[in-house]
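Thanks, everyone, for making the time. I would like to walk through one model this morning, going from the whole chain down to single side chains, and I will try to keep to what the coordinates support.

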Amino acid sequence: MLILSRKENESFWIEGKEGKIEIIVTEISGGQVRLGIHAPKSYKILRQELAQTMEYNRQASTAAPPASLRDIASKLK
């Protein structure tokens with residue numbers, strides 16, 4: 001892992017085959033840092049918790065469907 005120190009309004013670049021991504025520190029306040037991101041449109045930028053939720057939902061949608069209420073009721077008789 002690379003760890004960088006940046007002050008407000010400073011930035012750094014990440015270069016890849018599809019272009020450059022610029023990360024800019026826009027504000028530092030209390031325990032929060034606000035970042036600006038300039039990236040090619042082909043890059044998908046997601047917060048970690050959103051990406052995890054999307055993966056969970058994808059996995060849940062491909063799981064076996066729950067039994068129908070009729071199936072459950074017939075087993076209870």
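**One chain, from fold to side chains**

I will begin with one residue, as an example of how I will speak about exposure: Glu-10 has a relative accessible area of 28%, so it counts as partly exposed, because that value falls between the 20% under which a residue is called buried and the 50% over which it is called exposed. Please keep in mind throughout that this is a predicted model, and that every value I quote is computed from it.

Let me step back to the whole chain. The protein chain contains 2 helices and 3 strands, and, read from the N terminus, its elements follow the order β-β-β-α-α. For the overall dimensions, the C-alpha trace spans about 70 × 35 × 25 Å along its principal axes. The radius of gyration is 22 Å, whereas a compact globule of 77 residues would have one near 11 Å. Of those 77 residues, 8% count as buried, and I would ask you to hold that figure in mind when we come to the individual side chains.

Now to the sheet. The three strands make an open sheet in the order β1-β2-β3, with antiparallel pairing. β1, which covers residues 11-16, and β3 stand at the edges with a single partner strand each, so one side of each is left without a neighbour in the sheet. From one strand to the next, the twist averages 25°.

Taking the two pairings in turn, β1 and β2 run antiparallel and are joined by 6 bridges, and the hairpin that connects them passes through 2 residues. Within this pairing, Phe-12 stands opposite Ile-23 in β2. The other pairing brings together β2, residues 19-29, and β3, residues 32-38, which are again antiparallel and are joined by 7 bridges. Here too there is a hairpin with 2 residues between the strands, and Gly-30, in the turn, has a positive phi of about 60°. As for register, Glu-22 stands opposite His-38 in β3, and Glu-27 stands opposite Arg-34 in β3.

That last pair deserves a second look, since the side chains of Glu-27 and Arg-34 also meet in a salt bridge, at 3.9 Å from N to O. How exposed are the two partners? Glu-27 is partly exposed, with a relative accessible area of 33%, while Arg-34, at 52%, is exposed. In general terms, side chains of opposite charge can pair when their charged atoms come close.

Across the whole structure, the search finds 4 salt bridges, and I will mention two others. Arg-6 and Glu-10 meet through their side chains in a salt bridge of 3.7 Å, N to O; Arg-6, at 38% relative accessibility, counts as partly exposed, as does Glu-10, the residue with which I opened, at 28%. Arg-47 forms a salt bridge with Glu-49, and the closest N and O atoms of that pair are 2.8 Å apart. Of these two, Arg-47 is exposed, with a relative accessible area of 55%, and Glu-49 counts as partly exposed at 45%.

What about the aromatic rings? The search of the whole structure finds 0 aromatic pairs. There is, however, a contact between a charge and a ring: the charged end of Lys-20 sits over the ring of Trp-13, 5.1 Å from its centre.

Two further residues belong in this survey. Asn-9 lies in the segment before β1, and its phi is near 70°, a positive value in a residue other than glycine. As a reminder, most residues other than glycine have a negative phi. Asn-9 counts as exposed, at 60% relative accessibility.

Finally, Thr-62 is found in helix α1, which covers residues 48-62, and Thr-62 is exposed, with a relative accessible area of 59%. Where does Thr-62 stand with respect to Ile-23? The two are 39 residues apart in sequence, and their C-alpha atoms are 35 Å apart in space. Ile-23, you will recall, is the residue of β2 that stands opposite Phe-12, and with that I am happy to take questions.

Conventions:
Residues numbered from 1 in each chain as written. Predicted model: local features only at pLDDT ≥ 70, side-chain atom pairs only at ≥ 80, totals over all residues. Heavy atoms only, no water. Pairing = 2+ DSSP bridges. Helix = DSSP H or I, 4+ residues; strand = E, 2+ residues; numbered from the N terminus. Buried < 20%, exposed > 50% of the residue type's maximum accessible area, 1.4 Å probe, protein only. Phe/Tyr/Trp six-rings, centres within 6.5 Å; stacked < 30°, edge-to-face > 60°. Lys NZ or Arg CZ within 6 Å of the ring centre and 35° of its normal. Axes fitted to C-alpha atoms, helices over the stretch in contact; angles between N-to-C directions. Rg over C-alpha atoms; globule rule 2.2 N^0.38 Å.
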